[in-house]
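Reader: I am new to this structure. Please pick one part and take me through it closely, step by step. Tell me what surrounds it, too.

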Amino acid sequence: MSVRAQTLLWVAQRVSAAVLALCVTVHLATMIYAIRGGLSAAEILSRTRGSVGWLVFYTVFVIAVTVHAPIGLRSVLLEWGRWRGASRDIFLLALAMLLAWLGMRAVFGVFL
């Protein structure tokens, strides 16, 4: 892999980490606020259904996970398993696609 490609992966990893940190903070703060306010899971879902704002927020969350996790796992597979080459990258692409699909299923489950 070229130095340019490695640099782009490094930047994507760091940017997605920053987005994830913000998303996790907002998600946890919202959940704590809702639960302390006495809302049940059904009441929370009734408030998120149809909300474009929450749809966008959780879509960004899923995209950040989809970018961040495979890049991090790529390094782990190289350092711990010595797994290199196209088969590793195909596996990680499949993992990213699975994360995106499952994440968006959850997002639409809350939105619709």
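Author: What follows is a close look at helix H3, with its neighbours brought in as they matter.

First, some ground rules. The model is predicted, so local features need pLDDT of at least 70 and side-chain atom pairs pLDDT 80 or more, while totals for chains, interfaces and linings use all residues. Residues are numbered from 1 along each chain as its sequence is written, and side-chain values use heavy atoms, without hydrogens or water.

Start with the setting. The protein chain has 4 helices and 0 strands. Helices are DSSP runs of H or I, at least four residues long, strands are runs of E, at least two, and both are numbered from the N terminus. Along the sequence the pattern is α-α-α-α. The C-alpha trace spans about 50 × 25 × 20 Å along its principal axes.

Now H3 itself. It covers residues 52–81, which is 30 residues. From first C-alpha to last it reaches 42 Å, close to the expected 44 Å. That expected span is 1.5 Å times one less than the number of residues. H1 gives a similar reading: it has 34 residues and reaches 49 Å, close to the 50 Å expected.

Which residues of H3 are buried? The list opens with Leu55, Phe57, Tyr58, Thr59, Phe61 and Val62. It goes on with Ala64, Thr66, Pro70, Ile71, Arg74 and Leu77. Buried means under 20% relative accessible area, exposed over 50% and partly exposed in between, with a 1.4 Å probe and protein chains only. Note that Arg74 is on the list. Over the protein chain, buried residues make up 24% of the 112 residues. Some helix geometry helps when you read such a list. An α-helix has 3.6 residues a turn, so residues three or four places apart point the same way.

What covers the buried residues of H3? The cover includes helix H1 (3–36) and helix H4 (86–111). The relation with H1 runs the other way as well. H1 has buried residues Gln13, Ser16, Leu20, Cys23 and Ala34. Their cover includes H2 and H3. Contacts like these, with heavy atoms within 4.5 Å, often join distant stretches of the sequence here. Of the contacts in the protein chain with a separation of 6 or more, 75% are between residues 24 or more positions apart.

One pair shows H3 beside H4. Leu98 lies in helix H4. Thr66 is among the buried residues of H3. These two, Leu98 and Thr66, are 32 residues apart in sequence, but 8.6 Å apart in space, C-alpha to C-alpha. Leu98 counts as partly exposed, at 41% relative accessibility.

Another pair tells a different story. Phe108 also has its place in helix H4. Its C-alpha and that of Trp80 are separated by 36 Å, with their positions 28 residues apart along the chain. Phe108 is partly exposed, with a relative accessible area of 39%.

H3 also borders open space. A pocket is an open set of points on a 1 Å grid over the protein atoms alone, where a 1.4 Å probe fits, with protein on both sides within 12 Å along at least five of seven lines; lining residues have an atom within 4 Å of a point. The largest pocket is lined by 21 residues. Met31, Ile44, Thr48, Tyr58 and Val110 lie nearest its centre. Of these, Tyr58 is a buried residue of H3. H1, helix H2 (41–48), H3 and H4 each supply at least two residues of this lining.

The second largest pocket has 14 lining residues, and Gln6, Leu9, Ile71, Arg74 and Ser75 are the closest to its centre. Ile71 and Arg74 are both buried residues of H3. H1 and H3 each supply at least two residues of this lining. H3 gives the most, with 6 residues.

Finally, follow the chain out of H3. Just after the helix comes Arg82, with a positive phi of about 60°. Its place is in the loop between H3 and H4. Most residues other than glycine have a negative phi. Arg82 is not a glycine, yet its phi is positive. At 61% relative accessibility, Arg82 counts as exposed. H1 is also followed by a positive phi: Gly38, just after that helix, takes a value of about 85°.
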